[in-house]
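Please examine the sequence and the model shown below. The paragraphs that follow lead through a loop, a sheet and a set of cysteines.

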Amino acid sequence: MKTNVAVFFGGRSVEHEISVLSALQAINAMNPDKYKVVPVYITKQGRWLTGDALLDINNYKDLKSLETKATEVYMRPVYGDYNLYEARQGGLFSKGPKVVAELHVALPVLHGTNGEDGTFEGLLETIGIPFAGCNTLSSANGMDKITMKMILREEGIPVVDYVWFTDRQWNTQREPMVKRVEERLGYPVIVKPANLGSSVGIGKAADREELIRRVDEAEKFSKRIIVERMVGKLKEINCSVLGDADDHQSSVCEEPIKTGDFLSYEDKYMGGSKKGAGMQASEKRIPAELPEEVSEKIRRMAADTFRVLSCHGVSRVDVMIDETDGNIYVNEINTIPGSLSFYLWEATGITFPALMDRLVQLALKRKRETDAKTFTYDNNIFAMGGGTKGAKGGVKRGYFK
């Protein structure tokens, strides 16, 4: 019997289009003899759609037309209900909502806000369906650059110096925030929204005027802003990690080719001969041209980052080498990386179909391990005479301690 795998993609995110590209690549890589893939496209307005029309990339040129060719669906937030239901209600004599598909595994390929940040993972955990990738906690910690750096620094994993603040602090205490950046970091700096990927909203600031302009831009995308010391002579290296926090492996390293001071959205997704074909289309060197000891150090740092953040599935860790002194810093982790970093695993010896097999296996393994834990007790304290003190209509004796 085939395994029914729901691939979720799109979403209410500025990385919506990149998610579509990554998902269709993943779907095409799945073995049709082993899996029945159910595409679930989440529109920019948050509607869930399914249907064969979602499998053709050309249909996304006209989103309104695409919606008319697909079926709107939903899942019930009920533990153990893995069905995908048709949103349109049946007629007068309908026996209930129509089941469009019975799902066995979910594969989120949702980049950025409302998908990679733990929001969607929380829904899947509520339902209890096996799913590939990081859980709610590790997704949230990995997505938020501030929280991530706090955790890594606590564990001795090197990150560059930074300052962070909220959009409200910026708008009400701008001068103190600017002085804080100048005194702690100096110039130049890199300004980033705290919880976005794909280089969205990121900019360099070489002076106070530019800092103010960059933060004003970044706060359009996030409530929390991070400002980092800029590494002068920068070499950026990426490494993917596959597995779970207790059993994982690192891929070969890659050096993405940037056109400016840092990798831009265009560098990542619009470069190369296959423009718009996802992360694998960007200009890069695989494997990166590094001394073996440096490559191994980066692979260990990537693995440590994955482990410390309790990651799961496939992630990509981006590091920075300061070529002036040789120091290496973890820049960020992408818990749902563009193109699922399949090109790094192909260079490591794992094919894209094999990578997809591994993700499904990891999802099922985690579900078995989770089900072995205790979350509730069979005993009903109310039936045993317990109650809350002062509760209306409740038992007067007994109270919670």
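Is Asp81 buried or exposed? In this predicted model, Asp81 is buried, because its relative accessible area is 8%, which falls under the 20% cut-off. The residue belongs to the loop that links β4 (71-74) with β5 (83-86). Two polar contacts involve its side chain: one, of 2.7 Å, is made with the side chain of Arg76, and another, of 2.8 Å, with the side chain of Tyr85. When neighbours within four places in sequence are set aside, the residues in contact with Asp81 are Met75, Arg76 and Ile127.

Attention may now turn to a sheet. Five strands form an open sheet in the order β14-β13-β12-β15-β16, and their pairing is antiparallel. The edge positions are taken by β14 (284-285) and β16 (328-334); each has a single partner strand, so one side of each lacks a neighbour in the sheet. Within this sheet, β12 (residues 234-244) and β13 (residues 247-256) run antiparallel and are joined by 6 bridges. Leu242 is placed opposite Gln249 of β13.

The cysteines remain to be considered. A disulfide is a covalent bond between the sulfur atoms of two cysteines. How many disulfides does a search of the whole structure find? The search yields 0 disulfides. For Cys134, the closest cysteine sulfur is that of Cys311, and the separation of 3.8 Å is too far for a bond, because a disulfide requires sulfur atoms within 2.5 Å. Cys311 is likewise in no disulfide, with the sulfur of Cys134 as its nearest cysteine sulfur. Cys134 counts as buried at 3% relative accessibility, and Cys311 counts as buried at 2%.

Key: Residues are numbered from 1 along each chain as its sequence is written. This is a predicted model: local features need pLDDT of at least 70, side-chain atom pairs count only at pLDDT 80 or more; totals for chains, interfaces and linings use all residues. Side-chain values use heavy atoms; hydrogens and water are left out. Helices (H or I, at least four residues) and strands (E, at least two) are DSSP runs, numbered from the N terminus. Buried means under 20% relative accessible area, exposed over 50%, partly exposed in between (1.4 Å probe, protein chains only). A polar contact is a pair of N or O atoms within 3.5 Å; within protein, one must be able to donate a hydrogen and the other to accept it, and residues adjacent in sequence count only if both atoms are side-chain atoms. Contact means heavy atoms within 4.5 Å. Two strands pair if DSSP finds at least two bridges between them.
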